[in-house]
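Welcome! Here are some short exercises to work through with the structure beside you, each followed by a worked solution.

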Amino acid sequence: MTKADIVNEIAKKTGIDRVTVLTTVEAFMNSVKDSLDREQNVYLRGFGSFILKKRAEKTARNISKNTTLIIPEHNIPAFKPAKSFLQSISKLKG
């Protein structure tokens with residue numbers, strides 16, 4: 001499902017015009033990005049959490065040039081679904 005599909009689905013279910021829904025969805029995504037930029041996790045009860053995972057510094061190899069690289073410590077954005085969300089998905093499959 002794409003962002004356009006989500007916007008169309010919300011607009012159809014709520015009766016709100018598509019442009020307003022698109023603006024709202026984009027504002028939500030920007031808020032999540034900004035919060036993670038400030039290293040603040042986003043918690044949505046019953047849905048899940050957008051969190052930052054810290055990756056330690058590591059040594060990697062460039063095989064084609066036969067060199068060693070140091071990859072510095074960095075953050076990776078991740079999504080951790082809520083238990084109720086996982087349970088509702090597992091009910092759909094089983």
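**Exercise 1. A first hairpin**

Find the hairpin of β1 and β2, and say which residue there takes a positive phi.

Solution. Begin with the stretch between the two strands: the hairpin has three residues there, and G46 takes a positive phi near 85°. Keep in mind that this is a predicted model. Next, look at the pairing itself: β1 and β2 are antiparallel and share three bridges. To see one of these partnerships, pick Y43, whose bridge partner in β2 is S49.

**Exercise 2. Building the sheet**

Work out in which order the three strands of the open sheet are arranged.

Solution. Start from β2, which covers residues 48-55, and follow its pairing with β5: the two run antiparallel and are joined by eight bridges. Two positions help you check this. G48 has P81 in β5 as its bridge partner, and S49 stands opposite K80 in β5. Now put the strands together: the order is β1-β2-β5, with antiparallel pairing. The edges belong to β1 (42-44) and β5 (74-81); each has a single partner strand, so one side of each is left without a neighbour in the sheet. From one strand to the next, the twist averages 30°.

Finally, bring in the helix. Helix α2, residues 18-37, lies across β1, β2 and β5 and runs at about 35° to β2.

**Exercise 3. A second hairpin**

Identify the residue with a positive phi in the turn of the hairpin formed by β3 and β4.

Solution. First locate the strands: β3 spans residues 58-62 and β4 spans residues 67-71, and they pair in the antiparallel sense over five bridges. One pairing to look for is K58, which stands opposite I71 in β4. Then move to the turn, where four residues separate the strands and N66 has a positive phi of about 55°. N66 has this positive phi although it is not a glycine.

E39 can be checked in a similar way: its phi is positive, about 60°, and it is not a glycine either. You will find E39 in the loop between α2 and β1.

**Exercise 4. The largest pocket**

Determine which helix gives the largest share of the lining of the largest pocket.

Solution. Begin by finding the space, which amounts to about 220 Å³. Then list the lining: K3, I6, V25, F28, M29, V32, F47 and F50. Sort these residues by character, and you get seven nonpolar, no polar and one charged. Now sort by element: α1 (3-14) and α2 each supply at least two lining residues. The largest share comes from α2, with four residues.

**Exercise 5. An aromatic link**

Explain why the pair of F47 and F79 ties together parts that are apart in sequence.

Solution. Start with the total, which is four aromatic pairs. One of them is formed by F47 and F79, with 5.4 Å from centre to centre and 55° between the planes, and it counts as tilted. Now place both residues: F47 lies in the loop between β1 and β2 and F79 lies in strand β5, so the pair ties together parts that are 32 residues apart in sequence. As a last step, link this to the previous exercise: F47 also belongs to the lining of the largest pocket.

Definitions and conventions
Residues numbered from 1 in each chain as written. Predicted model: local features only at pLDDT ≥ 70, side-chain atom pairs only at ≥ 80, totals over all residues. Heavy atoms only, no water. Pairing = 2+ DSSP bridges. Axes fitted to C-alpha atoms, helices over the stretch in contact; angles between N-to-C directions. Contact = heavy atoms within 4.5 Å. 1 Å grid on protein atoms, 1.4 Å probe; cavity = no way out; pocket = protein on both sides within 12 Å on 5 of 7 lines; lining within 4 Å. Points joined across faces, edges and corners; volume = space filled by probe spheres on them. Nonpolar A, V, L, I, M, F, W, Y, C, P; charged D, E, K, R; others polar. Phe/Tyr/Trp six-rings, centres within 6.5 Å; stacked < 30°, edge-to-face > 60°.
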